[in-house]
Structures are given as structure tokens and as C-alpha cells.
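Here are my notes after a look through the model you sent over. They come as numbered points, so dip in wherever you like.

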Amino acid sequence: MRRQSFAKTMGKARRIRHLDQGVKPTHIQLMTELNKIRNFSIVAHIDHGKSTLADRLIQETGTVKDRDMQEQMLDSMDIERERGITIKANTVRIDYKADDGENYVLNLIDTPGHVDFAYEVSRSMRAVEGSLLVVDSSQGVEAQTLANVYHAMDADHEIVSILNKIDLPASDCDRVAEQIEDVIGLDATDAIQVSAKTGQGIHETLEAIVKKLPAPKGERNAPLKAMLVDSWYDAYLGVIVLVRIIDGVLKKGERIKMLSNGSVHHVDRIGVFKPQREEIDELGPGEIGFLTASIKQVRDTRVGDTITHEKKGTEDALPGFKPAQPVVFCGLFPVDSAEFEDLRDAIDKLALNDASFSFEMETSAALGFGFRCGFLGLLHLEVIRDRIEREYDIELITTAPSVIYHIHMKDGTMQELHNPADMPDLTFVDHMQEPRIKATILVPDEYLGDVLKLCQDRRGIQEDLTYAGTRAMVVYDLPLNEVVFDFYDRLKSVTKGYASFDYQMMGYRQDFLVKMSILVNDEPVDALSTMVHRDRAEMRGRAMVEKLKDLIPRHMFKIPIQAAIGGKVIARETLSAMRKDVTAKCYGGDATRKKKLLEKQKAGKKKMRQFGKVDIPQEAFISALKMDG
Ligand SMILES: Nc1nc2c(ncn2[C@@H]2O[C@H](COP(=O)(O)OP(=O)(O)OP(=O)(O)O)[C@@H](O)[C@H]2O)c(=O)[nH]1
């Protein structure tokens, strides 16, 4: 369920696309005055209509001719598919002749919608002055509506509220406007009623962008200061960098410098997206566009960095820059060890276009060669894993996702632990800390009890509980390690899909954590080691060995399955022996059936890994870690 809905979220084409191929440069000159520019983003919960609204704005302004619209969309989606799931912000420049007779340039930045990419959302918000807040008027405010609108408020945006999907019978604008006021605290008296489907309210939206959102400020004669908003890899042009010019002018042929690392590049192209790529000669203050500079790797371009001229540039970096930090780690191993090189290839290629994904080689006694990979969150992990399996056709074993623990040693030093297998000798450890999150959950009140129980079971501390009509908003302080595995799944299942969830990282706190090892036939299986809270270790250990007992097929001998902390066994099951000959029951000698069974057995084997003398099926690694509570 999680995978499906995520595929939908991410796979849905960001339809404001850069059609990168087959576009001739047109070399238009932009001389837009600051007061004729409006830069904005659209914030919304998933499926509330962000992409559809963006399409409509583009269509209404004739940015894309009606007859091209369909074709354009399809092209865009192909590129989306080609690039795979894009988790990047994109932009489109819309020329709009307003009712006041003036021509305006509206720059729309599309932001990623998922919690894992909160940092990128907050950065791209800083590149614009205003936001359209889109709320589905048949649904109301959701957790991501809140999270995203808070980013917009943090960036001091002027916000225009849009009540979308008014064509639906379930639409209730009064109720949703009230919710926007109560829950978010925004005045929704002037909220625009829109149907992105029929086009109703689109003209009013464009007028509101011009009238209500502020024009950017900037100084044309000041040293160049531009924000790196986004970047992605293009097979023809190398890395394309999306920039917002704050001050100064950026011209083709100039040499630029990235302030974070001092690297210098020669700008070979400058342009805008309409939404197809159009080359121009310069970008002035307030404008948003792209540059290319023969940059080879997305890793060399960091979102939020400040770009200036190599000579006579500014020294003054934009505040708040930090490189994206992975928070969840797991091991990826090929099921078939012969595919290790293919896996390396796939990971290299994916990393080229995703600066937030980190990896290093790892060897596991049980799983052989693989990679320890870092992700921005669990969904990011799923995207990468799915892509490796689907696009590169490599079957993977994924080890338990782990967060980064801080291990404070007795000698006063601190180590980051990314992999439970690397846990240092406890005699040298003073104490450990784990990352905590602040989770915001919105849920219809009939499911509230189940949500509270779930959070409580995951060592959560309730921080807030408020109501907006028949929906409750709960805020919990939770340990990230209790959330990384199957929290979304459980939340969805206990609320029948009606809850929405968002979180932010809160920092580290000390707790009593231990490493729990799993031994199968007296051999430790390193890929199944996990860090757990001491008070929950027995329960988790028991649950895991019981599950493994069901997941591991019987062998010709008895197999003990144990959970242990240090040398102490805390849970144990025994898998009894059986005859392995699956054809034994086919007396009578039906040769085809016998053959079929043997083939089936062989196919089953392919997905097993051998640990000592025991075959453990691939799904055991994931299933054993799922909690039922
Ligand atoms: N009836 C109706 N459906 C709409 C309207 N706007 C969008 N939709 C539908 O709602 C669904 C979600 O719309 P999207 O524009 O893809 O939503 P989104 O917010 O971009 O979603 P994500 O890309 O998943 O974040 C699609 O099936 C749209 O066709 C509207 O005004 N009326």
C-alpha cells in the first residue's frame, strides 16, 4: 500500500516539465522590470490538485498553445519516465497580460511534496515571495498542507488561498475556509474558489498572483548573488542548474563561483523554462532561470548554495545553507552475488542525479558484497530501491533501515553509528543518543484512539492534541527508529487510510538502547541485527524469532533461532527438522508433476541466502522486522 501510494505521488509526472530535447535556442532578451515579476510556489497536500492547477495556469496564459497541451504533457511525462521519479523542484516562466493592461512575468517553482524532502522545499520557498495554498474543498486541510504552508510562512510568503475541486458534489468551501482560518490561522475571506478541472476561477487566480503577491526586490548594479534552487543531470548538457537571481546580472560566458566550496565554472548557457527550454543572454535581479557550465555531477551543485562571479563577487552567502543529510541507512545487497558489479553501476548512475543519496561499499558475513546507503527518509529509500529493481532489474536484499545513533565513548569522543553491525565494544561506551522527530498527524476522531495507541507503543510522547471540526490533530515526539520501519503502513491500516502524517527532525536524546543480534543455527546473521530500546528488547526479540520460525523453511536438521543482547539470549524458537524431498508425496510417479515441483523448489532457492547450513528466504529480512503493534 505504501509503495503504491508513493509510486503515485512521485511517479505522477510533474507536468510542468522542461522539454530538454530538440529545442532550438531562441535568444530572447529579458529586460523585465522588478515590479512586473511575480515569483511563487504552490503548496498543497498530495492529490489536492497542485499539478492540475499549474497546468491550467500555463494553458490559460497561452504559455502552451491549447493544441499542443496534450502533446506537451505526454512529452513531459516521457521525460519524467526517462528520468525516473523526479524529486526535484521545477519551474516555469509564464507571460501574463493582466487586466490592468500590463505584461507580467510569473515564475512558478514546483516543489517536491513529500516530507523526506523538507529541506529542499524550504530552500525553494526562499527563492520566491509568495505561495498559492491549494486545499481540496471536498477534503480539507491535511498534514502536508500544514507542513508545506508552514515552510511558506517561515519564508515570509504572502499567501493566496485556493479552494480547489469546487466542481465536486462533496465540495464545501465554507467549511474548508473556516478550517484554513482555525487550523492554519490564515484569513480565508478572499479564498478563491477554483476548479482546476473545468478552469473555473483560473483567471481570478492569475489576477490574485499579480495583485496580492509582492514583486521581488533586488539591485541590478550590486555584485552578483544568486541562489542555487535546484539541479539535475541532463545527458546532453551535463548538469542544469536552476537559479534565482537576488542581486546583479548573470550573463552567458561569465565565470561563476559557488560560495560553499569555491569551485569556479564557465557559464555556457543561460535560459528559462516556458516550460520548454529557451536560451537567453542574461538573467537580472528577481528572475528565475537556468545555467549550464559543463558541470559533471549533481553532487557539485548544492541546493541553497550562493552563486556569484569569480571576480568582484559577493562574499556574503545566503543564510541557511546546509548540504542535505541522509537520516536513514540500510544495506542493499544483490540476491545473486554475481550481480554486484551491475548493482555498483546502477547505484553510481542514480547517485549522479541525486545529491542526497549517499553510499559506500559494505561487506556482510551473511550477504556478501553490497552497499550501505543513506537516504533522506524512508520513502526516498523506497524510490531508490524500486528503481534499482525495476529499471536495472537487480533483485535486492534490503537490510533493516537504521537511523544514525550517537555513541558517546568513555574517553569523551562521539561516534556516529550508521550500521548496528559496527557497534563498538560496550565496555568503552558511556551512553547513546537517538534521533527524535516531531510528528504531526491529522485524523478523523473515530480513529484517534488507535493512533494514540500506535504512537504510545512506539515510545511516543504526546505534545499536543487539538480538534478542527471532526478531525483531531495530534503532535507526538517520537524516536525516529520506531518510525523508519513500518509506521506509515501501520498508521494507514489503523485509520483505513484517513490519517495524514508529516514530521520534522528534532535532534538527539539519550536513551537506553542496545544492539539485538539474531542467531540462526547458532550463527549470528548480521543483516538482522537491530538497535532497540532495552525495555522493548524482549518483546521485539520474541516477535522476530517467532516470525523467522515461520519464514525459514524446515531443513533436514533442527534449527535454533535466537535473539540475543551481548551474550545473553532473550528469546528462542526451534524449527524442527523435516524431510526435504518435496517429491516424496508424489507417489505414483507422475513425472511432470515431479518435475514441476523440483523446478518450483529450484526457483524458491534462488531467492534464498545461505547462512552456515541454513537457507533463509529473502523476504525474511524485511518481514522479520515488521512489528505488529
Ligand atoms: N474534480 C476535480 N478533480 C481535480 C481537480 N483538480 C485536480 N483534480 C484531480 O485530482 C487528482 C490529483 O490532482 P493533481 O493535480 O495530480 O494533484 P497534486 O496535488 O499535484 O498531486 P501530487 O502530484 O500527487 O502531489 C487528479 O486526478 C486530478 O485530475 C478539480 O478541480 N476537480
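**Notes on the model**

1. Let me start with helix H2. Its buried residues are Lys 50, Ser 51, Leu 53, Ala 54, Asp 55, Arg 56, Leu 57 and Ile 58. That makes eight of the eleven residues in H2, a helix that is mostly covered. Bear in mind throughout that this is a predicted model. After H2 comes Gly 62, which has a positive phi near 75 degrees.

2. The ligand comes next, and H2 stays in the picture. Which helix gives the most to the shell around the ligand? H2, spanning residues 50-60, does, with three residues. There are 18 residues around the ligand, and those that come nearest are Gly 49, Lys 50, Ser 51, Thr 52 and Lys 197. By character, the shell splits into six charged, eight polar and four nonpolar residues. Put the lists side by side and you'll see Lys 50 and Ser 51 among the nearest residues and also among the buried residues of H2.

3. Now the chain as a whole. The protein chain has 34 strands and 15 helices. Its 629 residues are 46% buried. Taking contacts between residues at least 6 apart in sequence, 72% join residues at least 24 apart.

4. There's an open sheet of eight strands, worth tracing on screen. The order is S11-S10-S16-S7-S8-S15-S12-S13, with antiparallel pairing. At the edges sit strand S11 (264-266) and strand S13 (277-280), each pairing on one side only. From one strand to the next, the twist averages 40 degrees. For a closer look within this sheet, take strand S12 (residues 269-273) and strand S15 (residues 288-292), an antiparallel pair with three bridges. Gly 271 has Phe 290 in S15 as its bridge partner.

5. Strand S28 (residues 513-520) deserves a paragraph of its own. Is S28 mostly covered or mostly open? Mostly covered, with seven of its eight residues buried. S28 pairs antiparallel with strand S30 (residues 530-533) over four bridges, and there Val 514 faces Val 532. Strand S31 (residues 559-565) also runs antiparallel to S28, joined by five bridges; Met 516 has Ile 565 as its bridge partner in S31.

6. The third partner of interest is strand S29 (residues 523-524), which pairs with S28 in the antiparallel sense over two bridges. Leu 519 is opposite Pro 524 in that pairing. S28 and S29 make a hairpin with two residues between them, and Asn 521 in the turn has a positive phi of about 55 degrees. Asp 522 is in the loop between S28 and S29, and its phi is also positive, about 70 degrees, although Asp 522 is not a glycine. For background, most residues other than glycine have a negative phi. Why does Asp 522 count as exposed? Because it has 10 C-beta neighbours inside 10 Å, and 12 or fewer is the cut-off for exposed.

7. Lys 312 is another non-glycine residue with a positive phi, near 55 degrees. You'll find Lys 312 in the loop between strand S16 (306-309) and strand S17 (328-334). Lys 312 counts as exposed because it has 9 C-beta neighbours inside 10 Å.

8. Helix H13 (residues 534-551) has 18 residues. From first C-alpha to last, H13 reaches 25 Å, close to the 26 Å expected at 1.5 Å a residue. Its buried residues are Ala 537, Gly 541, Met 544, Val 545 and Leu 548. When you look at that list, remember that residues three or four places apart in an α-helix point the same way, because there are 3.6 residues a turn.

9. Two single residues to finish. Glu 391 belongs to helix H9 (residues 378-391) and is exposed because 12 other C-beta atoms lie within 10 Å. Its C-alpha is 8.8 Å from that of Ala 346, 45 residues apart along the chain. Gln 462 is in strand S25 (residues 461-468) and counts as partly exposed because it has 13 C-beta neighbours inside 10 Å. Leaving aside neighbours within four places in sequence, Gln 462 is in contact with Val 474 and Tyr 476. Gln 462 and Leu 452, ten residues apart in sequence, are 8.3 Å apart from C-alpha to C-alpha.

Methods: Residues are numbered from 1 along each chain as its sequence is written. This is a predicted model: local features need pLDDT of at least 70, side-chain atom pairs count only at pLDDT 80 or more; totals for chains, interfaces and linings use all residues. A residue is near a molecule or strand if its C-beta atom, placed from the backbone, lies within 6 Å of it. Ala, Val, Leu, Ile, Met, Phe, Trp, Tyr, Cys and Pro count as nonpolar, Asp, Glu, Lys and Arg as charged, and the others, Gly among them, as polar. Two strands pair if DSSP finds at least two bridges between them. Axes are lines fitted to C-alpha atoms, for helices over the stretch in contact, and angles run from 0 to 180 degrees between N-to-C directions. The expected span of a helix is 1.5 Å times one less than its number of residues. A residue is buried if 20 or more other C-beta atoms lie within 10 Å of its own, exposed if 12 or fewer, and partly exposed in between; C-beta atoms are placed from the backbone. Two residues are in contact if their C-beta atoms, placed from the backbone, lie within 7 Å.
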